[in-house]
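Please load the model in a viewer and keep a selection panel at hand. The tour below proceeds selection by selection.

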Amino acid sequence: MPWGHERDRPAVSHWRVAPVRTYRRVMRISDVVRHKGGSVITVRTDASVTELLGLLSEHRIGAVVVSDDGETVHGIVSERDIVRHLHTDGAALLDAPVHQIMTSEVHTCVPEDSLDDLETAMTEKRFRHVPVLKDGKLVAIVSIGDVVKNRIDDLQAERDQLRTYIQS
Ligand code: AMP
């Protein structure tokens, strides 16, 4: 005879009915900085583009914060800026000062910001580097590579929680 209502069903003890809950802590910029460290390569506004190229190559990085005192952010310059200006200005660009090609309106973040918000901003505004300021002073930089690494670590932790749940 077919069961009329859910309550008429015999109890089946091996069915798992509890919802699967995985817990994801809000990741902050301070967490990322703690892992990667706070060293930031900077370049002075009057340094030449050739000097800038030297820094990018020596440190194997894609962008440098422009700062005269190592704390105040005047701008940011990435390899894309160099490529774009080389195309329009030619080789003369190599002797030009960095401030000529830097982006002056820099999007920055603070250690308390969430990584999710930073990820959204980077995706929407299409830049891969964001300086971190504490009390208005430069303390670190977060790249899209750091964001992706943290996202992968997060997913792996979630997968491990699910695996533990299924096997328990
Ligand atoms: P990137 O994706 O970091 O190589 O940069 C792409 C473009 O965005 C370049 O013109 C950079 O100068 C600019 N840019 C990079 N980071 C920032 C930032 N945090 N705020 C504003 N502009 C940026």
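Select Asp 154 and Arg 151 in helix H5 of this predicted model. Because these two residues are 3 apart in the helix, about one helical turn separates them. They form a salt bridge, in which the closest N and O atoms are 3.6 Å apart. With a relative accessible area of 16%, Asp 154 counts as buried, while Arg 151, at 21%, is partly exposed. The cut-off between these two classes is 20%, so Asp 154 falls on the buried side with its 16%.

Extend the selection to Asp 116 and Glu 119. Together with Arg 151 and Asp 154, these residues are linked in a network of salt bridges.

Remain on helix H5, which covers residues 144-167, and select Ile 152. This residue is partly exposed, its relative accessible area being 42%. Add Ile 144 and Val 148: with Ile 152 they form a nonpolar patch on the surface, and the accessible area of the three together is about 220 Å².

Next, select strands S4 (residues 129-134) and S5 (residues 137-143), which pair in the antiparallel sense over 6 bridges. Strand S4 is largely enclosed by the rest of the structure, because 5 of its 6 residues are buried. His 129 has Ser 143 of S5 as its bridge partner. At the turn of this hairpin, 2 residues lie between the strands, and Asp 135 takes a positive phi near 50 degrees.

From S5, move to Val 40, located in the loop between helix H1 (29-36) and strand S1. Which residues does Val 40 touch, not counting those up to four places away in sequence? They are Val 65, Leu 138, Val 139, Ala 140 and Ile 141. For Ile 141, display the C-alpha atoms: Val 40 and Ile 141 are 101 residues apart along the chain, yet their C-alpha atoms are separated by 6.3 Å.

Now select strands S1, S2 and S3, which make up an open sheet in the order S1-S2-S3 with mixed pairing. S1 (42-43) and S3 are the edge strands, each pairing on one side only. S1 and S2 pair in the parallel sense over 2 bridges, and Val 43 stands opposite Val 66 in S2.

Follow the chain out of S2 to Ser 67, which is placed in the loop between strand S2 (63-66) and strand S3 (75-78). Is Ser 67 buried or exposed? It is buried, with a relative accessible area of 2%. Its side chain makes a polar contact with the side chain of Asp 69 at 3.2 Å, and the Ser 67 side chain also reaches the backbone nitrogen of Gly 70 at 2.8 Å. Leaving aside neighbours within four places in sequence, Ser 67 is in contact with Thr 42, Val 43, Arg 44, Thr 72 and His 74.

His 74 is the next selection, in the loop between S2 and S3. This residue is partly exposed, at a relative accessible area of 28%. The residues that His 74 touches, apart from those up to four places away in sequence, include Thr 45, Val 66, Met 102 and Ser 104. The C-alpha atoms of His 74 and Thr 45 are separated by 7.7 Å, with their positions 29 residues apart along the chain.

Two further charged pairs deserve a selection. Side chains of opposite charge can pair when their charged atoms come close. Arg 44 is partly exposed, with a relative accessible area of 43%, and forms a salt bridge with Asp 46, the closest N and O atoms being 3.5 Å apart. Arg 84 forms a salt bridge with Asp 81, where the corresponding separation is 3.0 Å. Since Arg 84 and Asp 81 are 3 residues apart in helix H3 (residues 79-89), about one helical turn lies between them. Asp 81 counts as buried at 7% relative accessibility. The count of salt bridges comes to 10.

Finally, clear the selection and display the whole protein chain. Its secondary structure comes to 5 helices and 5 strands, which follow the pattern α-β-α-β-β-α-α-β-β-α along the sequence. Of its 168 residues, 30% count as buried. The accessible surface is about 11400 Å², with 52% belonging to carbon and sulfur atoms. Among contacts between residues at least 6 apart in sequence, 58% join residues at least 24 apart.

Terms used: Residues are numbered from 1 along each chain as its sequence is written. This is a predicted model: local features need pLDDT of at least 70, side-chain atom pairs count only at pLDDT 80 or more; totals for chains, interfaces and linings use all residues. Side-chain values use heavy atoms; hydrogens and water are left out. Patches are made of residues with over 30% relative accessible area and no salt bridge: like charges are joined within 9 Å, nonpolar side chains (Val, Leu, Ile, Met, Phe, Trp, Tyr) within 5 Å. Accessible areas come from the Shrake-Rupley method with a 1.4 Å probe; for residues, only the protein chains shown count as cover. A salt bridge is a side-chain nitrogen of Lys or Arg within 4 Å of a carboxyl oxygen of Asp or Glu. Helices (H or I, at least four residues) and strands (E, at least two) are DSSP runs, numbered from the N terminus. Buried means under 20% relative accessible area, exposed over 50%, partly exposed in between (1.4 Å probe, protein chains only). A polar contact is a pair of N or O atoms within 3.5 Å; within protein, one must be able to donate a hydrogen and the other to accept it, and residues adjacent in sequence count only if both atoms are side-chain atoms. Contact means heavy atoms within 4.5 Å. Two strands pair if DSSP finds at least two bridges between them.
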